[in-house]
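Thanks for coming. I will take a few minutes to walk through one structure, beginning with a helix and then moving on to charges and cores.

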Amino acid sequence: QFLSSTDSVPPIRTTDSSVKKQFAVLVPLVDISGEPALLYTKRSSNLTSHRGLVSFPGGGMEEGDSNLVETALREAWEEVGIASEKVDIWGEMQPVPTRIHNGFGLVTPVVAIVRQELDELILNRGEVKEVFTVRLSRLCDTQLHGYTQFRGGSGFEHGFSLPVYCGGPHVIWGLTAVMTYQFMSALLGDQYSHNIDKQCDV
């Protein structure tokens, strides 16, 4: 039921039909003192791209990965030490397009419950500065919501609005906010509200 609910979130459309590379991220649902939360990373400022941004653990599909779930699990282990045997995969959500140097790539969010204590994580300091969690109750709080507006062009077919979340130690925006919205909308359905026309033509 959760996975079928993700189909109700309209995709962002691009004018470039060729996908240059596949990416996957793990969307980790964790337990914080008995309350569900999502785990995020803040990327290292030493990286050549996306430095300092909030993201889910993940990266590009490599030749040894048999599927995107394996990509997400491998990257989560390499970046923050999430062990695959402590992960229960729920499934994949709709991929989200992202700009790369030679066109567009697709990022597939892989949703999972992580049964690992945060103090067991081992961060790759070359890639990740810190990890933090945001409780779902705060992601639901409309007083902590915002949005960013983008006009069409630069490879996108139409303009669109994207969500912003301000309920954690760092602002969540961009692709990570889109995937957070996908997850919250699929999980809670009509009970979830974010006052934007997310990912829709404007």
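Helix α2 is mostly covered, with 10 of its 13 residues buried. Keep in mind throughout that this is a predicted model. The buried residues of α2 include Leu68, Val69, Ala72, Leu73 and Ala76, and also Thr71, Arg74, Glu75 and Glu79.

Does the length of this helix come out as expected or not? For the 13 residues of α2, residues 68–80, a rise of 1.5 Å a residue should give a span of 18 Å, and the end C-alpha atoms are 18 Å apart, so the two agree.

Now the two ends. At the N-terminal end, asparagine 67 acts as a cap for α2, with a side-chain oxygen 3.1 Å from the backbone nitrogen of valine 69. After α2 comes glycine 81, and its phi is positive, near 75 degrees.

On to the charges. Side chains of opposite charge can pair when their charged atoms come close. The model has 7 salt bridges. I will go through some of them.

Which residue does arginine 74 pair with? Arginine 74 makes a salt bridge with glutamate 62, and their closest N and O atoms are 3.5 Å apart. Arginine 74 sits in helix α2 and glutamate 62 in the loop between β4 (58–60) and α2, so this pair ties together parts that are 12 residues apart in sequence. Arginine 74 has 16% relative accessibility and therefore counts as buried. Glutamate 62, at 44%, counts as partly exposed.

Arginine 74 also has a salt bridge with glutamate 75, where the closest N and O atoms are 3.1 Å apart. Glutamate 75 is buried, with a relative accessible area of 8%.

Another salt bridge joins lysine 86 and glutamate 120, with closest N and O atoms 3.1 Å apart. Lysine 86 is in the loop between α2 and β5 (87–92), while glutamate 120 is in the loop between β7 and β8, so here the parts tied together are 34 residues apart in sequence. Lysine 86 counts as partly exposed at 28% relative accessibility, and glutamate 120 is partly exposed too, with a relative accessible area of 35%. Through shared partners, salt bridges join Glu62, Asp65, Arg74, Glu75 and Glu78 into one network.

Next, the nonpolar cores. The largest has 26 residues, and the members touching the most others are Val27, Leu38, Tyr40, Leu139 and Phe183. Several elements supply at least two residues each, among them β1 (19–32), β2 (35–43), β7 (103–114) and α4 (174–188). The largest share, 6 residues, comes from α4.

Take tyrosine 40 as an example. Leaving aside residues up to four places away in sequence, tyrosine 40 touches, among others, Val54, Phe56, Val131, Phe132, Leu139, Ile172 and Thr180. There is also a second, separate core of 20 residues, which includes Ala24, Leu39, Leu73 and Val80.

Last, threonine 41, in strand β2. Is threonine 41 buried or exposed? Threonine 41 is buried, with a relative accessible area of 0%. Its C-alpha atom is separated by 5.6 Å from that of valine 54, although the two residues are 13 residues apart along the chain. Beyond residues up to four places away in sequence, the contacts of threonine 41 include Leu53, Val54, Pro57, Val80, Val128 and Phe132.

That is the end of the walk-through.

Technical notes: Residues numbered from 1 in each chain as written. Predicted model: local features only at pLDDT ≥ 70, side-chain atom pairs only at ≥ 80, totals over all residues. Heavy atoms only, no water. Core = buried A, V, L, I, M, F, W, Y, C linked by side-chain atoms within 4.5 Å. Buried < 20%, exposed > 50% of the residue type's maximum accessible area, 1.4 Å probe, protein only. Helix = DSSP H or I, 4+ residues; strand = E, 2+ residues; numbered from the N terminus. Contact = heavy atoms within 4.5 Å. Expected span 1.5 Å × (residues − 1). Polar contact = N/O pair within 3.5 Å; in protein donor to acceptor, adjacent residues only side chain to side chain. Salt bridge = Lys/Arg side-chain N within 4 Å of Asp/Glu carboxyl O.
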